Amino acid sequence: MNDLKRFLLKYRLNIASGLTLILAFIAVLSIYFSLEVRVTSNDECIWDPIKVTQDSIKMVFKNVKIEGVTYNAGIRNGDLLLQIDNKNLKTTFEAQRILNEFKSGEYADYTIQKPDGKILHTKVYVKKLIQFGSLAAAISGLLYLLIGFLVYTAKPDGLAQKLFFAIGILGVLSAIHVFFPLNDIYFKSFITDHSVVAVFAAIIIIASQTAIPFISLYFTWSFPNQFQFSKKKITKIIIITSVLILSLLGISLAISLGVTNFATQKYFNTYQKIFNLFLIILYISCAVSLIVQYFKAKNTENKKPVLIFVLAFSFGLIIQFYVGTIAPAISDTIFNSPEYYMPIVLIAIVPVAYAYAILKYHLLDVSIVVRNSIIYGAAMATVAGIYFVVIYLLGQGIGSFVGADNQGFVAGIFFLIFAFVFQSTKDRFQDFLTRKFYPEQFAYQKVLIQFSNDVSTVVGTDKILDLTCATFIDALKINKFGILLRDYSKDILTLSRGIGFSNPNCTIEKSNLIAVFNEKALVSNTPVIEQQDFIRVFPDKADRLIEEGVYSIIPMIVKSKVVGALLFGLKYSGSKFGGKDLELLNAAANQIAISLENARLYQSESEKIKIERDLDLARKIQQGLLPKCVPNLNGLDICGEMIPAMQVGGDYYDLIQLSDTKLFVAVGDVSGKGLSASLYMTKLQTMVQIATKISTSPKEILIEINKRLYESIERSWFITMTLALFDTETKTVRFCRAGHMPLLTANNGTVESIKTEGIGLGLEKGEVFDRTLQEVEIKTKSNQIFAFFSDGITEAMNEKDEMFGEEKLTEILKGKANTRSTEVMNKVWSEVKYFRGSALPNDDMTMVIVKVN
């Protein structure tokens, strides 16, 4: 479905052109049928059928026109028609069929019986009666079609343009009734004998005739300015539903005529009366809407074209009223006085008047098409004329030197040479015409080309925005201009610069800019968001933008990413931007978008470098807070290291020597990573170093730290920690674990995991913490290894999201009785790195190894 939509959007102008050619041919054919084919022979009287018996009637002449062709043939009211062309007549339909076989200007043989019984043979001059209504419909449909195609090609996305083109299409389709005998004596036989064609014709004609007044009404609601109520979904639903109901009802009744052998004729006639009433109401509503549009126009210049529409439409209504009511009243019959019905053809003046208003006052953006046609046509015609004159003169001049035999060859060479310069000459001449006859566009072109050169050299977002405003506001004299800029942190569009806005605080949170832009880019190299698109692009701010007088929005997009948008009101001349203007503005918008994106990336890179510099400094500071040297205690081989996942980390370890025989080992892990975690780590280190100077009990120290930490730490944060006191004199280790990883101790090829009770620091104020915290004392043995570590080691992950695990760490510690602590640690780091492979570190890693000598 999307592919079909993209195809239709991409080739809509080609489709519209082909459709217009086909329908124009149909319209011309309809005119021909109205004038030549679907005409009725006329003898300027009425044949009144009077029933004689069950199977026979007599046809009595009445309303014989004085000095008419029948009157001049000696026939009077009350005479009986017996034969035409020596053929007996059973019905008036048969009589009319025979008479229709005669051409205009021929004489038909009538056999007449006078009231006294006398038989009269006479010749009646045959006239042809044109169906003026069908002719008017065909001409009007053709004119609406051509004007509609013109305005549609000017702006295929315009609502009013689409509606006008639709009126033209439906006008031609509704006029094809002249192809079928739907209003004459062959009506019943046509439906009976050609049922499929009749159904097809009924669907097209009734649907078209039903839709035209509703679309016309919606057009008057949308042109030149759209009424607010017409934008609502319910309005469109009501119109579409009404068209469908009336169309389906009319088509069903028309089909039923053939199915029931015309038994439903009275119902169909009732439907036609109701439909005609709807027509009257709808067309009066159109007139009222146009009058309202006239009074809503802001100034005299805007009122003038709308007044032409009002007068033209009113003229059309008067013509319809005249033909429907006055003409039948002042004429005895259409056969005797067809001239009274002829003014219906004047209804074709209505689309002509519309065309005059559209072209004269450049309505519906047709000035773009007209201007381009004039420039391109003039350039092509002039240059082509010069081209052929030069070729001719050169051919004649050189021919006299080279002779007649070589004249064609030389002319061919000059033809090729001149062909190469033809295109560039044409383009330069087009530029000359633009400068001469459209100075405003030429000025825009000159200013924007200079702007595109300048903006690429400007550095900094503010400077780019200032230059853009200066160009569009000062140089181009635009009174309504704004720049929407994307806020990447909030993913919204804000009005960063603007002039002419009643409220400069404009924030757009919901936008479909990319989707609509991509849709328009399929069919145009210069996609622009017009007022009718605002509700789709900015559903929450569409009315606000329209009220502010924004007419066109040009998105600024780089690599399918919205950078911002340019908001435009009207040009200095008071007209909307279009055609070549939009090409220039799109080019400028693309250049601005690239410059703004480059400025943003430059600023982002600068900030990134600054942050990285600050983080590198923080890393150095954090590393400086860790033990700079390993305490020298007789009987203990100690090493420790912390490897952050980022520049800085939340893991912590410390070695605090109390005496020649006592040493505190602390390993902690702050929940989280990065700068915030490192700050808590620094705070914890300070608390531990102070507390160890006051007490030598790991449990008492952790209890005191928890009380202080609970008052200052965020509720979503906590810290796990292991604190151990080594005493080489007593050969013991007092060990306490506050929710941290277990202590691993290796001796004689076996590894034991010691898990004491305790919860993390900062989780609660002390009642549960104090009660659950457990301190144990362990006797140390020679060559025994104690491993303190954070979960970053055991939870290190590889590319398959598998964890390193405690078992692998245990295997490394086995059999390391004769290995130094640094070698043991290096083995751990090596194994973890090998296991992780190309996967990035997912957490900080800390380890302290203490080996008893």
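## Exercises on helix α11 and its surroundings

The buried residues of α11 are P305, V306, I308, F309, V310, A312, F313, G316, I319, Y322, V323 and A327; buried means under 20% relative accessible area, exposed over 50% and partly exposed in between, with a 1.4 Å probe and protein chains only. Helices are DSSP runs of H or I with at least four residues, strands are runs of E with at least two, and both are numbered from the N terminus.

The model is predicted, so that local features need pLDDT of at least 70 and side-chain atom pairs count only at pLDDT 80 or more, whereas totals for chains, interfaces and linings use all residues. Residues are numbered from 1 along each chain as its sequence is written, and side-chain values use heavy atoms, with hydrogens and water left out.

**Exercise 1.** Find what covers the buried residues of α11, and locate the kink in this helix.

*Solution.* Start with contacts, which are heavy atoms within 4.5 Å. The cover of the buried residues of α11 includes α8, α10 and α12. Then follow the helix axis, taking the bend at a residue as the angle between axes fitted to the seven residues ending there and the seven starting there. The kink in α11 is about 40° and is centred on Y322, which is itself among the buried residues of the helix.

**Exercise 2.** Describe the largest nonpolar core: which residues touch the most other members, and which helix gives the largest share?

*Solution.* A nonpolar core is a set of buried Ala, Val, Leu, Ile, Met, Phe, Trp, Tyr and Cys residues joined through side-chain atoms within 4.5 Å. In soluble globular proteins, nonpolar side chains tend to be buried together. The largest core has 47 residues, and F164, F219, F309, Y354 and I358 touch the most other members. At least two of its residues come from each of α5 (132-154), α6 (159-174), α8 (195-222), α9 (233-259), α10 (265-296), α11 (300-330) and α12 (349-360). The largest share, 10 residues, is that of α11. A second core, separate from this one, has 30 residues, including L465, F481, V558 and A593. To look at one member of the largest core, take Y354, which contacts Y144, F164, F309, A312 and F313 once neighbours within four places in sequence are set aside. Y354 also belongs to one aromatic cluster with Y144, F164, F219, F223 and F309.

**Exercise 3.** Compare the geometry of the aromatic pairs Y218 and W221, and Y283 and F313.

*Solution.* Rings of Phe, Tyr and Trp (its six-membered ring) pair if their centres lie within 6.5 Å; planes under 30 degrees apart count as stacked, over 60 as edge-to-face and the rest as tilted. Across the whole structure there are 27 such pairs. Y218 and W221 are edge-to-face, with 6.1 Å from centre to centre and 65° between the planes. Both residues lie in helix α8, 3 residues apart, which is about one turn. Y218 counts as buried because its relative accessibility is 8%, and W221 does so at 15%. Y283 and F313 form a tilted pair, at 6.1 Å centre to centre with 50° between the planes. Because Y283 lies in α10 and F313 in α11, this pair ties together parts that are 30 residues apart in sequence. Y283 is partly exposed at 23% relative accessible area, whereas F313 is buried at 11%.

**Exercise 4.** Work out the setting of T122: which strand holds T122, and what lies around its side chain?

*Solution.* T122 lies in strand β7, residues 119-125, and is buried with a relative accessible area of 13%. A polar atom of its side chain lies 2.8 Å from the backbone oxygen of A73. Not counting residues up to four places away in sequence, T122 touches A73, I75, A108, D109, Y110 and I112, so that A73 appears in both descriptions.

**Exercise 5.** Place L485 in the structure and list what it contacts beyond its sequence neighbours.

*Solution.* L485 is in strand β9, residues 481-487, and its relative accessibility of 16% makes it buried. Its C-alpha lies 9.6 Å from that of L465, which is 20 residues away in sequence. With neighbours within four places left aside, L485 contacts T461, L465, I492, L493, T494, S496, V563, G564 and L596. L465 is one of the residues of the second core.

Notes
Polar contact = N/O pair within 3.5 Å; in protein donor to acceptor, adjacent residues only side chain to side chain.
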